[in-house]
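Hi everyone, thanks for making time. I'd like to walk you through one model today, so have a look at the screen.

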Amino acid sequence: SLSRIKLTTQYYFEKHITMTRTILSSIFVAALIGYCSAFAPSQSSVRETSLSMAPRFDKTSEKWITDVPEEMEGSSYGPIGTLYRAGPKPFFTRIFNPDTYDQAVLKYMAQDGCDRKEAQGNMDAFLENPQDWGFQKVSEQNGAYKKDYANANMEPKQVILTTVWGVGVVYFLGSLVYNGAQDQILVGSFHRTMELLGME
C-alpha cells in the first residue's frame, strides 16, 4: 500500500542520513587526530633529541664529554651524598679519583639513557659491591623491581642513624689516635727524664 511505501522510504532515508553522519564524524575525528599529531613530537624525534643531548665519547681527548649543564660534574649530589648512599668505598673513590669517577658516570648515562643522579647512584652501588649490583641488574632484566639507587638510604630516619653512627666511629678512631699519641709523648718524656737523672 501507499502508507507502507512511505514508511519504507522514510526508514531507508533515515538510515542513509545516520550512516552519512557516522562517516562524516569519523572523517572529522581522523582529520582532527592527524592535525594534532602534526604538531606533537614523534617518538623517534624525542628519542633522537635525548640521544643528541646524552654524553658522547670524544675520540680526540678519548674521554666522555657533555655540553649540558645538568649532566656535568657538580650538577647532582656530592661526595657526602655518596657516603650516605653507599658508604666509604665510593666516597674515597670520588675524593682520590674524581676524573675516573666522572668518566664512569658519563659513560653510564650515555649507555643507559638516564640522568646524572641515577647514574651516580648506580656507580656508587657498583663501587660499593660490584657483585650485588650486577646481580640486581640481571634480576631487573628478568622482571624484578628496579632498585632506586639514586635515593638509596636517604630516608630521614636512615640519614639520622648513619650520621650518629659516623660520628661515633670518627670519635672512637680519633680517641685511639689521640690516646696513642699521648702515650707516646708520655713514654718519651719518661725516658728523657730518666736519662737526665742518669738512671738510663
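Let's start with Phe92, which is partly exposed, with a relative accessible area of 43%. Please keep in mind that this is a predicted model. Phe92 is found in helix α4, residues 88–96.

So which residues join Phe92 in an aromatic cluster? The answer is Phe91 and Phe96; together the three form one cluster. There are 5 aromatic pairs in the count. In one of them, the ring centres of Phe91 and Phe92 are 5.3 Å apart and the planes sit at 70°, so this pair is edge-to-face. Phe91, at 16% relative accessibility, counts as buried, whereas Phe92 is partly exposed. Phe92 also shows up on the surface: with Ile95 and Phe96, Phe92 makes a nonpolar patch of about 330 Å².

While we're on rings, look at Tyr77: Arg85 lies over its face, 3.6 Å from the ring centre.

Now a step back to the whole chain. You'll find 8 helices and 2 strands, and from the N terminus the order reads α-α-β-β-α-α-α-α-α-α. Of the 200 residues, 20% count as buried. The accessible surface comes to about 15000 Å², and carbon and sulfur atoms account for 64% of that. Among contacts between residues at least 6 apart in sequence, 51% join residues at least 24 apart.

On to charges. Side chains of opposite charge can pair when their charged atoms come close. Here the count is 5 salt bridges, and I'll show you three, starting with Asp67 and Arg56, where N to O is 2.8 Å. Asp67 lies in the loop between β2 (63–65) and α3 (79–86), and Arg56 in strand β1 (residues 56–58), so the bridge ties together parts 11 residues apart in sequence. Asp67 is exposed at 55%, while Arg56 is partly exposed at 38%.

Next comes Lys63 with Asp99, whose closest N and O atoms are 3.6 Å apart. Lys63 belongs to strand β2 and Asp99 to helix α5 (residues 98–112), so this pair ties together parts 36 residues apart in sequence. Lys63, at 36% relative accessibility, is partly exposed, and Asp99 is partly exposed too, at 41%.

Last one: are the partners in the Lys137 and Glu140 bridge buried or exposed? Both are buried. Their closest N and O atoms are 3.4 Å apart, and both residues lie in helix α7 (residues 130–141), 3 residues apart, about one turn of the helix.

That's my tour, and I'm happy to take questions!

Definitions and conventions
Residues numbered from 1 in each chain as written. Predicted model: local features only at pLDDT ≥ 70, side-chain atom pairs only at ≥ 80, totals over all residues. Heavy atoms only, no water. Phe/Tyr/Trp six-rings, centres within 6.5 Å; stacked < 30°, edge-to-face > 60°. Buried < 20%, exposed > 50% of the residue type's maximum accessible area, 1.4 Å probe, protein only. Lys NZ or Arg CZ within 6 Å of the ring centre and 35° of its normal. Patch = residues over 30% accessible without salt bridge, like charges linked within 9 Å, V, L, I, M, F, W, Y side chains within 5 Å. Areas by Shrake-Rupley, 256 points an atom, 1.4 Å probe, with all protein chains shown as cover. Salt bridge = Lys/Arg side-chain N within 4 Å of Asp/Glu carboxyl O. Helix = DSSP H or I, 4+ residues; strand = E, 2+ residues; numbered from the N terminus. Contact = heavy atoms within 4.5 Å.
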